[in-house]
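Biologist: Before we discuss any details, could you put the model on the screen, so that we can go through its strands, helices and empty spaces one after another?

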Amino acid sequence: MSDIPSLDVEHLQSWIGREESASDIISLDLVGKFNAMLDQAAGPPVWGKAAPLLINYCLAQPAAPTGQLGDDGHPRLGGFLPPVPLPRRMWAGSSLAFHGDLKVGDLVRRVSRIADIAVKEGRSGVLCFVTVEHKVEVAGSLKIKETQNIVYREGASPKDAVKPAATEVAPAGTHIRPIAVSTPLLFRYSALTFNAHRIHYDRAYVTEVEYYPGLVVQSPLQATLLLNFAAELKGKAPSRFTFRSLSPLFDDDKISLHAAEADGKIELWTAREHGPVATSAEAVW
């Protein structure tokens, strides 16, 4: 715990309550590209029809100038998110409640608020958790309410270069779907979400600086694949969806989506072959 005071927790927690808002339009072009990225045979997008699930992650993303990005590709510290001086930033998970469909052509407004900041000591060192609440609205009507958890961690070291053996192999779901996670898919998702984090597209950086064995599959991309899988199995989109990142997946892994129904909900998870659960999720109707 000796490293925690150096983070100046009181200063970081002064960010609690900060808000920002941004607006964007769900365009025909965006929907077409989103569907193409996921190989969805949905036909040409049509004004007024329901937009793809979790396309909101592509809307109104912060547009920091390229010269203001850090070495990892993220915007430099400060701004809306607190200036946490830990080099690894990851999307730990989210809980979403859907109150209505987003539609092609909608003018969408997102209001974001820093809800909590906590510093803890984990097995890998000091961790800082930032909780952000998002409200996604159309013409003043709430469509999505999300609680997002972001975790900041200490930097990697050469000992992290070897992919750890799985301590517990993920179970097989009642429904299993192998998926092809290619380099172009990761690049396209990063492009559509305006995410310049280099772990998703820069192989030299991710292996030589972050010491991962391959390009990292984005957590929200995994969540999008799982949510679509759940909606397909049930025949309609859920009213609530929660996902949590537990371990990384890489572009050279053999990856599958898994699902199992229980008590009126569907439990879902991603995993590589003979590997642990990577992202776990739950869909409720």
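Modeller: This is a predicted model, and a good place to begin is a pair of strands, β4 (residues 125-138) and β5 (residues 141-153), which pair in the antiparallel sense over 12 bridges.

Biologist: In β5, which residue is the bridge partner of V138?

Modeller: V138 belongs to β4, which covers residues 125-138, while β5 covers residues 141-153. The bridge partner of V138 in β5 is S141.

Biologist: Which strands stand at the edges of the sheet, each with a single partner strand?

Modeller: The open sheet is formed by 10 strands with antiparallel pairing, in the order β1-β3-β4-β5-β2-β7-β10-β9-β8-β6. Each edge strand has a single partner, so one side of it is left without a neighbour in the sheet, and the strands in question are β1 (19-25) and β6 (175-179).

Biologist: By how many degrees are neighbouring strands of this sheet turned against each other on average?

Modeller: With direction ignored, the average turn between neighbouring strands of this sheet is 20 degrees.  The strands concerned are those of the open sheet that runs from β1 to β6 in the order given above, and the value asked for is 20 degrees.

Biologist: Are α2 and α3 roughly parallel or roughly antiparallel to each other?

Modeller: Two packed helices are described by the angle between their axes and the distance between the axes. For α2 and α3 (residues 183-192), the axes come within 10 Å and cross at roughly 155 degrees, and the crossing is left-handed. Angles over 145 degrees count as roughly antiparallel, and α2 and α3 are therefore roughly antiparallel.

Biologist: Which helix supplies the largest share of the lining of the second largest pocket?

Modeller: The second largest pocket has a volume of about 540 Å³, and of the 28 residues that line this pocket, the closest to its centre are A50, A51, P52, L53 and N228. The lining divides into 20 nonpolar, six polar and two charged residues. Both α2 (28-37) and α5 (219-234) supply at least two residues of the lining, but the largest share, three residues, comes from α2.

Biologist: Which strand gives the largest share of the lining of the largest cavity?

Modeller: The structure holds one cavity of 30 Å³ or more, and the largest cavity has a volume of about 40 Å³. Its lining consists of A22, N56, L59, A60, V108, R109, R110 and V136, which by class gives five nonpolar, one polar and two charged residues. The largest share of this lining, three residues, comes from strand β3 (residues 107-122).

Definitions and conventions: Residues are numbered from 1 along each chain as its sequence is written. This is a predicted model: local features need pLDDT of at least 70, side-chain atom pairs count only at pLDDT 80 or more; totals for chains, interfaces and linings use all residues. Side-chain values use heavy atoms; hydrogens and water are left out. On a 1 Å grid over the protein atoms alone, a cavity is a set of points where a 1.4 Å probe fits but cannot get out, and a pocket is an open set with protein on both sides within 12 Å along at least five of seven lines; lining residues have an atom within 4 Å of a point. Grid points are joined across faces, edges and corners, and a volume is the space filled by probe spheres set on the points. Helices (H or I, at least four residues) and strands (E, at least two) are DSSP runs, numbered from the N terminus. Ala, Val, Leu, Ile, Met, Phe, Trp, Tyr, Cys and Pro count as nonpolar, Asp, Glu, Lys and Arg as charged, and the others, Gly among them, as polar. Two strands pair if DSSP finds at least two bridges between them. Axes are lines fitted to C-alpha atoms, for helices over the stretch in contact, and angles run from 0 to 180 degrees between N-to-C directions. Angles under 35 degrees count as roughly parallel, over 145 as roughly antiparallel, 65 to 115 as roughly perpendicular and the rest as oblique. A crossing is left-handed if the near helix is turned anticlockwise from the far one by less than a right angle, and right-handed if clockwise.
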